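The following exercises are addressed to a reader new to this structure. Each sets a task and then works through a solution step by step.

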Amino acid sequence: MKLGYFPGCSLHATAREFDRSLKAIAGPLGFELEELEDWSCCGATSAHQTNHLLAVLLAARNLALAESQGIRQVMAPCAACFSRLATARHEIAHDEALGTRVNEVLRGEFANSVEVQSILALLRPMTSKIQESAKAGLRGLKVACYYGCLLLRPPEVAQFDDVEAPSSMEQIVEAAGARPVKWGKRLDCCGAGLSISRTASVVRLGRAILEDARAAGAEALVVACPMCHTNLDLRQKAMLQRGEAQLPVLFLTQAVGLGLGLEPGELGLARHIISTKALIARVSSGGESAAQAS
Amino acid sequence: MSEHESFDGSLAGEVRAATGLNVSACYQCGKCTAGCPMAEEMSLKPHQMLRLAQVDSRERLFEDDSIWLCLTCETCTARCPNGVDPARIIDCLRELALRAKASPPRRIAAFHRSFLEQIRENGRVFEFGLVANYKMRTGDLFADVTAAPGMLVRGKLALLPKGIEGIGEVRRIFATCAQAARKEGR
Amino acid sequence: MATEETKAFEPKIVAFVCNWCTYTGADLAGTSRLQMSPNVRVVRLPCTGRIDPLFLIKAFERGADGVIVSGCHPADCHYTAGNYHARRRFAVFREIADMMGVDNQRMTFSWVSASEGNKWRDVVNETTERVRNLGPFTEYQSLSRD
Amino acid sequence: MPRIGVFVCHCGENIGRTVDCARVARELGELPGVAHAVDYKYMCSDPGQRLVKQAIAEKGLDGVVVAACSPRMHERTFRRACSASGLNPYLCEMANIREHCSWIHEDRQAATAKAIDLTRAIVEKVKRNRPLEPIRIPVEKRALVIGGGIAGIQAALDIAEGGGEVVLVEKEPSIGGHMSQLSETFPTLDCSQCILTPRMVEVYQHPRIKLLAFSEVEAVGGYIGNFEVKIRRKARCVDETKCNGCGECQSVCPNKKVPSEFDQELGRRTAIYVPFPQAVPNIPVLDRESCALFKGRAKGFKEDACGKCKQACGREAIDFEQQDSFVTEKVGAIVVATGFQLYSIGKDQPTPQLKGYGEYGYGEIPDVIDGLQFERLASASGPTGGVIKRPSDGKEPKTIVFLQCIGSRDAAKGIEYCSKICCMYVAKHTMLYRHKVHDGRAYVFYMDIRAAGKGYDEFTRRAIEKEGAIYLRGRVSKLERAGDVIKVYGADTLSGEPVTIDADMVVLATAVRPQPGIESLAQKLSISYDAHGFINEAHPKLRPVETSTAGVFVAGACQAPRDIPDSVAMASAAATKVLGLFSNKELEREPTVATVNESLCTGCFHCERVCPYGAVERRELKDGEGNLNKVAAHVNKGVCQGCGTCQATCPSKSVELQGFTDEQIWAAINAL
Amino acid sequence: MKELRQIAAKLLTDGAVKVVIGWEEGPRGARAAFVTRPEDAERLIFDARCVQNLATYLSPRRRHVVGLGKAAVVAKPCDAKAIAGLIRESQVKREDVVILGVRCGGVVREPTMPASLTAETVADRCGICETREPTLYDHLIGEPQPEPPRVTRREEQIAALMQKTPQERFAFWSQQLERCIRCHACREVCPMCFCEQCVADKTRPVWIESSSHPRANFAWQMTRVMHQAGRCVDCGECERACPVGIPLNLLTRYTAQSVEKRFGHKPSDDPSIAAPIGTFRSDDSQEFIR
């Protein structure tokens, strides 16, 4: 299975481990990524918060590129990129005038035919495959699956899973051998959009999320968005109070990779600010003991 | 944008013209505010923003920072019982505020400007450049300084921008939008 | 001379209307003393559902220059659904007539409720004016002449 | 040659001013077949009518045309005059030369010409009129009431008291409906069962009411005055004629863990059970799904796994082999009073338009209950004996949050309408709660307080001012289970602040929806219903308890969300309509109905498809030896309402609407 | 063809049917055949010359055929639509007819033409037909067939005619209908015309005069096409049967186009799909109503 791949700016920088771990699990799970050539930034929050047309056009440029490169389905692992691309596709499809405008500016025959997929939509159909290939597995690691805002919302754009009671991420990590915990804040926003410009707010929101996950007994947080990751990993120390334990934050692809028995190095686990060492030890030692037992 | 039905010059009319959305459909149930992660920091809550849009009270909306605190997490939109789409309306209010020359909070404005400049210049965003640019704009030289070295070590910040071939097209997009905004602003 | 002849032309228009809405609406126009052109002759039927395309054909054969079919607004039919059936029937009939060269401008279809005396006046006046401008339906009438 | 009389009315100056009436009479008089033509100042006056009568007698007229005002005004007058002189009234028609002519034109010449045309067309039509006799239909003086809630009970009692007979059909094992589940009722806080159960007993004992509980309407045929209703009597496994309601069977039933429907699943019942102690009839029902014997049989056990109830019954009333049976009842009128159900917030919804509340946990948070469940908790006869305990751990909730408009006024969930009763019952709930939990706090999230009704606003004010309920104007965004409490994320839009409450229990005032299966019942009855399934009344203002089908009436919450007083008022109104219908010996109907020329009918049944009333039937035509010749259409005169859509649709014109036959209309068009 | 003959012979031998209606070689190309003896099944043929719509013979109005007893009928996809129409309108009971569906790659314009299909020879209706096999059948016979040559002659003629003014169209049809001799062949061959007494033959009142006067001819065709709206299966037999060559299919085809455009209805061989006239949706478009 070959798939159009839109990494977005983060996966080339702050979230390189997302990119790496995604590529690492591609082989074992039998999909191939074809990076969109000459892609540009989706526009992110700054575009849509200040200029709607700009937001649509920046996203549409990439959709048009995909179309011209013969790619029918684009997977954007970053939740923000996914949301921007999917929103543009949705709006163009529902607003004929906007579609005309887009075509004028892009000077091409853009038919808005490219489907946009999130990382969840990519992995959910692979759960049985993950389960089969999971070697040691995650050994019942208790994880809190964190969806955040843009993977599912708004539902008419994302068109995936139940917007208020999703289960896809839990299904995926469960297949990889983890035990997802039940917790309340998995759909709440971590505030990443204001991460740089209004750090105090972000610390407040992030803290609530971490607290809730910990209270539910999670040993790690699993995310599918580089913004959430940067926010909850990079700023976690600021969010915690003295003496509070740190909670490693894994990308979904890293969690799956670990479950598949891939090397932590391959998955970029060393790049996190919050150390993942203990977690890796917990998973692999569990694996060893299991191996010994059998 | 202007292809939509145009209305009577009221704020609600402008929102409708730009988005096709009807602010009158808001019946002030407050479910948006109830679920908004930023509501407690906003002086105007989401339902109040919609109310002020209904009664054409632009000044109070535009001079307040609250619209700039919205994270566009879409919780309000997903749960709105009457299909109002507050997140999209607040996006639109911000755009209208910019056109009305109202200024967003300094840091937030600086962030957005730095971000978009990055895209215009390089086609993509390079966080190191972004942070540097942002710091230049805000003079906030020391914030996040502690995080940067760690990020560099872990290869998290790319130091040098890598351009894209289609930069011409990206710049044309920016030019078009700037022109359109000027035209609408008049 | 031709213009004078056109001016002298007064079209003959036959209206087929339902008893409950349009006929009553036309009564209301009367009670309200709304003045309208005297070219329309009303045939009262219980329901637009009763109105057969044959009535229209017969009216044209008998020298009508225009016809009106009018009944209750959707959802208002006294018999719940007669008007819906009529709507489909005449949607198709007028296209058949159009194909055969019966100018659709000679046919008016309208919903006029019992309270729309004004609308009935407008339907009558507009139809009369439109058909007057089209001139007599000589094509159809000439079929009868030989 | 026909002998038509034409009578042209001046209507004082009303017609005469713009129409030359004398000329109209003169020109019509020259028409072949017109035997008599006169004009007169006021045709509707006594002397005017006398002119008609005299002419009929003296000139032997066989048709009368009165050119005057609208037939809607005086057609009856002149038809009566004709009838009085021995002329069939349907041979008399009016040409409308006032509303459609003199009043709307000024040009005397044009108006006169038009009046002549209009009158001529009617004359030509009347030449082809046929004498018609009004249709008389006998009236069966029995009514079927569907639904044994408070509306159905009221309607049944009112009809029976008025002398009619009633068949009351209830699908549940007992009558009483939702009202029997309520603890107290607003705005008086009187005990619901105390006022309801005497009425239930009255129904049971009334000599003119036949109660068919645990039964459903299977099929409805016929028409006003003459319905034939097939009713399914579901198998109770208990012989109603033998059972004396001693309750022995229940006490020996080993399965005591079946969630009780009556207690909204907050309590438990046995597999053979009477839903509640005051049930009417007080006869148990065996729930086969929960019965060990039937479960065993389903698994293919050779021997019956249980049978204790049968052994315990001293009257041999229990019959495991009982099957559904059918009865047919002839009735003249039907009252639909099937009531409501509550919307539930679960993920699975009965229709795609409806959506559940994922943000409130799709009903999976244990201490989030609905209003009816709260009624059971508050009821002295309920599963907790009237003590407010939360379902999860039996703890008394110290903080309770009521959410209004759940499902209602929420287009995103598929229901835009207001459920009307919730504002009042939530206010009641806060009071009942405070009366039982003195140190508890009750919060209410509401959008608007709609308390229009006698004593209603006073009641909600009392909840707020005297009983300490805290009303917050806003909707709740999310309910989140957090340890022992439920976090309620709401907003108080009046202060503008987000509000978070740690609640011990949350009560949802869920929307009022019609009962499941209402659509199929409505289709059986040929009555219309709205997009939500509520039965449509014939006219929203002037015919509130009639439906689109004559003889079928509607009462209570199956028509729209209604509280008890409204439902009762509506039921009494429907009963009055039924009794009004029963006061006629027979019904007389206009004979403008369709008839089929069976010899021409090809049996394509386009007419059957278009008939809005289902009046077209298929009739087998046989030859002398009983061989089937063909199947032709036949119009049931009792059901036909005379729209004529069948005739316009019939390709061979084999069906004719009396009074508006093709010949008549053809003649009228020809004359124009 | 072998398959067809075998099935036909078996049906007759078993007494499952009394007659098989199909096509056979006639003096002037393929023609309808009524086979009542198993040994005669050998006469049956099926190729691109089998133009005629045999459903016509199932109508109870044709008593001489119906009188033969239970029939099996060979049906191309378009014939099956007509059979479905007869079932839908209670003229035939599904269980009273055995349908021998044949896969069809289109037919020629006239049964006298050679069986080879080219853009010139293919029947107009086949030029746009998308159906290669019926779904209403008891036996489905033959190999899958290629798509016939695509031609849109008729559509172009209709479009051209609709470009003209109503007056020009009226003149066109006046000229055409001038030639009509009111033989009613268009009605007689039509599988969907089966009234016991046609409205055109009615005398009380005379809606449609029986003389071949252009006025009457106009009324007749308008009424005929109106009655066919949404029911016509576009077999083109009316036009083929017209002895004076009036292009009647222009009318029925145009009406079918309008019906499809308005109500999304296409004639189908599913008897459970109701015809669009005689039913309605409360939100039917009503742009023509004031």
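**Exercise 1. Determine how chain C stands to chains B and A, and which pair of chains has the most contacts.**

Step 1. The model is a predicted one. In this model, chain B and chain C do not touch, and their nearest C-alpha atoms are 26 Å apart.

Step 2. For chain A and chain C, the closest C-alpha atoms lie 29 Å apart, and no contact joins the two chains.

Step 3. Six pairs of chains do touch, and among them chains A and B have the most contacts.

**Exercise 2. Describe the side of chain B that touches chain A, beginning with the make-up of chain B.**

Step 1. Chain B has 11 helices and zero strands. Along the sequence its pattern reads α-α-α-α-α-α-α-α-α-α-α.

Step 2. Chain B has 186 residues, of which 47% count as buried. If one takes the contacts in chain B between residues at least 6 apart in sequence, 60% of them join residues at least 24 apart.

Step 3. In the contact between the two chains, 50 residues of chain B meet 43 residues of chain A. On the side of chain B, two or more residues each come from helix H6 (75–79), helix H7 (86–99), helix H8 (106–122), helix H9 (127–138), helix H10 (147–153) and helix H11 (167–185).

Step 4. The helix that gives the most is H11(B), with nine residues. Sorted by class, this side of chain B, facing chain A, holds 27 nonpolar, nine polar and 14 charged residues.

**Exercise 3. Locate the two domains of chain A and characterise the contact between them.**

Step 1. Domain 1 of chain A covers 2–119, and domain 2 covers 127–293. Their centres, taken over C-alpha atoms, are separated by 24 Å.

Step 2. Domain 1 of chain A brings 25 residues to the contact, and domain 2 of chain A brings 30 residues.

Step 3. On the side of domain 1, the elements giving two or more residues are helix H1 (8–11), helix H2 (16–29) and helix H5 (79–94) of chain A. H2(A) has the largest share there, with 10 residues.

Step 4. By class, this side of domain 1 comprises 14 nonpolar, eight polar and three charged residues.

**Exercise 4. Establish how far helix H2 of chain C is covered, and by what.**

Step 1. Helix H2 of chain C spans residues 22–31, and nine of its 10 residues are buried. These are Thr22(C), Tyr23(C), Thr24(C), Gly25(C), Ala26(C), Asp27(C), Leu28(C), Ala29(C) and Gly30(C).

Step 2. Within chain C, the cover includes strand E1 (13–18), strand E2 (40–45), strand E3 (66–71) and helix H5 (117–134). From chain D, helix H3 (71–84) and helix H4 (98–102) are also included.

Step 3. Just after H2(C), Arg33(C) takes a positive phi of about 55°.

**Exercise 5. Analyse helix H12 of chain D: its crossing with helix H13, and the position of Val426(D).**

Step 1. The axes of H12 (residues 422–436) and H13 (residues 456–465) of chain D come within 9 Å and cross at roughly 40°. The crossing of H12(D) with H13(D) is left-handed.

Step 2. H12(D) makes this contact through Cys423(D), Met424(D), Ala427(D), Thr430(D) and Met431(D), while H13(D) does so through Tyr456(D), Phe459(D), Thr460(D) and Ala463(D). The class count for these residues is seven nonpolar, two polar and no charged.

Step 3. Val426(D) has its place in helix H12 of chain D. Is Val426(D) buried or exposed? A residue counts as buried if 20 or more other C-beta atoms lie within 10 Å of its own. Val426(D) is therefore buried, because 29 other C-beta atoms lie within 10 Å.

Step 4. Leaving aside residues up to four places away in sequence, Val426(D) touches Phe402(D), Gln404(D), Val444(D) and Ala509(D).

**Exercise 6. Identify the members of the largest nonpolar core that touch the most other members, and follow one of them.**

Step 1. The largest nonpolar core has 366 residues, and those touching the most other members are Ala67(D), Ile334(D), Val335(D), Val73(E) and Ile83(E).

Step 2. Val335(D) touches Ala143(D), Val145(D), Ile146(D), Ala155(D), Phe553(D), Ala555(D), Ala574(D) and Val578(D), again without residues up to four places away in sequence.

Step 3. Another core lies apart from the largest one and has 159 residues, including Ile25(A), Leu267(A), Trp68(B) and Leu116(B).

Key: Residues are numbered from 1 along each chain as its sequence is written. Chains are lettered from A and ligands numbered from 1 in the order in which they are written. This is a predicted model: local features need pLDDT of at least 70, side-chain atom pairs count only at pLDDT 80 or more; totals for chains, interfaces and linings use all residues. Two residues are in contact if their C-beta atoms, placed from the backbone, lie within 7 Å. Axes are lines fitted to C-alpha atoms, for helices over the stretch in contact, and angles run from 0 to 180 degrees between N-to-C directions. Helices (H or I, at least four residues) and strands (E, at least two) are DSSP runs, numbered from the N terminus. A crossing is left-handed if the near helix is turned anticlockwise from the far one by less than a right angle, and right-handed if clockwise. Ala, Val, Leu, Ile, Met, Phe, Trp, Tyr, Cys and Pro count as nonpolar, Asp, Glu, Lys and Arg as charged, and the others, Gly among them, as polar. A nonpolar core is a set of buried Ala, Val, Leu, Ile, Met, Phe, Trp, Tyr and Cys residues joined through C-beta atoms within 7 Å. A residue is buried if 20 or more other C-beta atoms lie within 10 Å of its own, exposed if 12 or fewer, and partly exposed in between; C-beta atoms are placed from the backbone. Domain bounds come from an automatic or database domain assignment.
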